[in-house]
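Trainee: I would like to learn how to read cores, pockets and cavities in a model. Can you take me through one?
Mentor: Let us open it.

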Amino acid sequence: MSPSPAFNFAAGPARLPDAVLERARDELFTRGADGASALERPFTGDAFRATLAHARERLAELLALPSNYRILFLAGGALHQFSLVPMNLLGDARHAAYADSGYWSRRAMAEGARYADVTLAARHAGPVPLAAPPLGHWALPAGCAYCHITPNETVEGIAYPGLPDTGDVPLVADCTSCFLTGPVDVSRFGVLYASAQKNIGPAGLTVVVIREDLLERPAPRVPAPHCYRLQAEHDSCVNTPPTWAIHVAGLVFDWIADAGGLAAMAAANRRKAERLYAAIDGSEGFYAAPVATGHRSGSNVRFHLADDRLTDTFLAEAEAHGLTHLRGHRQVGGLRASLYNAMPEAGAAALADFIAGFARRHG
């Protein structure tokens with residue numbers, strides 16, 4: 001496969017590793033002796049079950065998964081989990097807590113409020129979300145079923161610098177835009193979930209990592225495909241799973257392991273983000289990164305031009321240089337560069353050089 005000279009900085013669906021695309025080309029679109037390609041094989045057959053087992057085992061190795069946790073591969077995106085979490089975790093409780101760190105945490109909170117009495121666990125100070133909520137011990141209501149956080153806000157470019165102390169209340173995290181970007185202590189969480197289109201593979205797949213004791217809480221009428229317990233009992237195959245997305249996810253997990261695992265991902269991602277923020281901060285005010293230092297996302301670098309009238313010119317010139325999909329989310333405007341695992345360090349370097357050059361030409 002000939003490498004493209006362009007770098008795609010989209011927030012998602014995002015770039016896949018070049019090596020994964022090459023393996024997918026070779027493995028997914030060629031029919032075997034059974035007359036079927038990987039895209040065409042039944043999910044009940046031995047071939048797909050081996051693919052599923054490989055993906056699960058590889059992911060467990062990457063996460064150093066404790067023995068009392070299960071991995072589910074479910075159809076849909078993180079937005080589905082906004083409903084599935086309360087449907088599966090409330091049990092006999094009425095209360096759930098949510099921390100407000102930005103756009104996606106508020107979307108999760110609004111959906112949770114359809115099922116539970118929601119308590120605001122914590123939020124940043126001020127009207128504009130420029131930092132994660134204060135950490136430390138969060139006082140949660142008695143009988144609270146879980147506490148939900150969004151460790152990385154894709155829209156605002158905010159990342160938690162650590163984790164809160166929620167005591168005995170299970171911590172639930174939407175890790176969609178930071179999953180597998182560095183080592184994580186799974187034992188700190190009751191549930192982790194992440195849709196695939198940032199760091200796992202194609203859109204349409206969501207990975208759920210859940211502590212086993214929390215599988216016993218589903219609402220009586222939760223539909224079978226949405227029931228964590230049933231999906232765990234049936235190896236994520238209560239209904240037809242997204243077979244192609246799971247196959248590609250397994251290839252991505254192999255690529256991460258071969259590259260040195262999550263520690264290596266964290267080191268590379270740190271270098272990419274530092275290079276980009278240095279270019280922004282060194283522009284003497286031509287650009288600004290509005291998120292508080294220490295809370296800046298390494299996955300989604302949000303910035304803007306001091307003169308917003310130059311934004312469209314920036315985007316047009318960037319695209320001409322092969323630097324694409326840099327427009328900020330419609331909720332906040334400006335610019336955003338997503339630096340997920342598959343973005344090469346050369347891509348971040350090219351963007352940093354362009355940022356500096358654009359400032360010289362238009363400053």
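Mentor: Start with contact, which means heavy atoms within 4.5 Å. Keep in mind that this is a predicted model.

Trainee: Which residues does Leu59 touch, not counting residues up to four places away in sequence?

Mentor: Leu59 touches Ile71, Phe73 and Phe179. Leu180, Val207 and Phe253 are also among its contacts.

Trainee: Which residues of the largest nonpolar core touch the most other members?

Mentor: Leu59 is one of them. The others are Phe73, Phe179, Leu180, Ile200 and Phe253. The core has 53 residues. Helix 6, residues 243-258, gives the most to this core, with 8 residues. Another core, of 30 residues, lies apart from it. Tyr277, Leu305, Phe314 and Ala352 are among the members of that other core.

Trainee: Now the empty space. How is it found?

Mentor: Rolling a probe the size of a water molecule over the atoms shows where empty space is left. In this model, the largest pocket has a volume of about 700 Å³.

Trainee: What lines the largest pocket?

Mentor: The lining has 30 residues. Ala159, Tyr160, Cys178, Thr181 and Gly182 lie nearest the centre of the pocket. Helix 7, residues 261-281, gives the most to this lining, with 5 residues. By class, the lining divides into 18 nonpolar, 10 polar and 2 charged residues.

Trainee: What is the volume of the second largest pocket, and which residues are the closest to its centre?

Mentor: Its volume is about 310 Å³. Of the 21 residues that line it, the closest to its centre are Trp104, Thr176, Ser195, Gln197 and Lys198. Helix 3, residues 78-89, supplies the largest share of this lining, 3 residues. The classes here are 6 nonpolar, 12 polar and 3 charged.

Trainee: How many cavities of 30 Å³ or more does a search of the whole structure find?

Mentor: The search finds 2. A cavity is where the probe fits but cannot get out. The largest cavity has a volume of about 70 Å³. It is lined by 15 residues, and Arg15, Pro17, Lys198, Asn199 and Ala342 lie nearest its centre. That lining has 9 nonpolar, 4 polar and 2 charged residues.

Trainee: Which residues line the second largest cavity?

Mentor: Asn8, Ala10, Ala14, Arg15, Ser338, Tyr340, Ala342 and Met343 line it. About 40 Å³ of space lies inside. By class, the lining has 5 nonpolar, 2 polar and 1 charged residues.

How values were computed. Residues numbered from 1 in each chain as written. Predicted model: local features only at pLDDT ≥ 70, side-chain atom pairs only at ≥ 80, totals over all residues. Heavy atoms only, no water. Core = buried A, V, L, I, M, F, W, Y, C linked by side-chain atoms within 4.5 Å. Buried < 20%, exposed > 50% of the residue type's maximum accessible area, 1.4 Å probe, protein only. Helix = DSSP H or I, 4+ residues; strand = E, 2+ residues; numbered from the N terminus. 1 Å grid on protein atoms, 1.4 Å probe; cavity = no way out; pocket = protein on both sides within 12 Å on 5 of 7 lines; lining within 4 Å. Points joined across faces, edges and corners; volume = space filled by probe spheres on them. Nonpolar A, V, L, I, M, F, W, Y, C, P; charged D, E, K, R; others polar.
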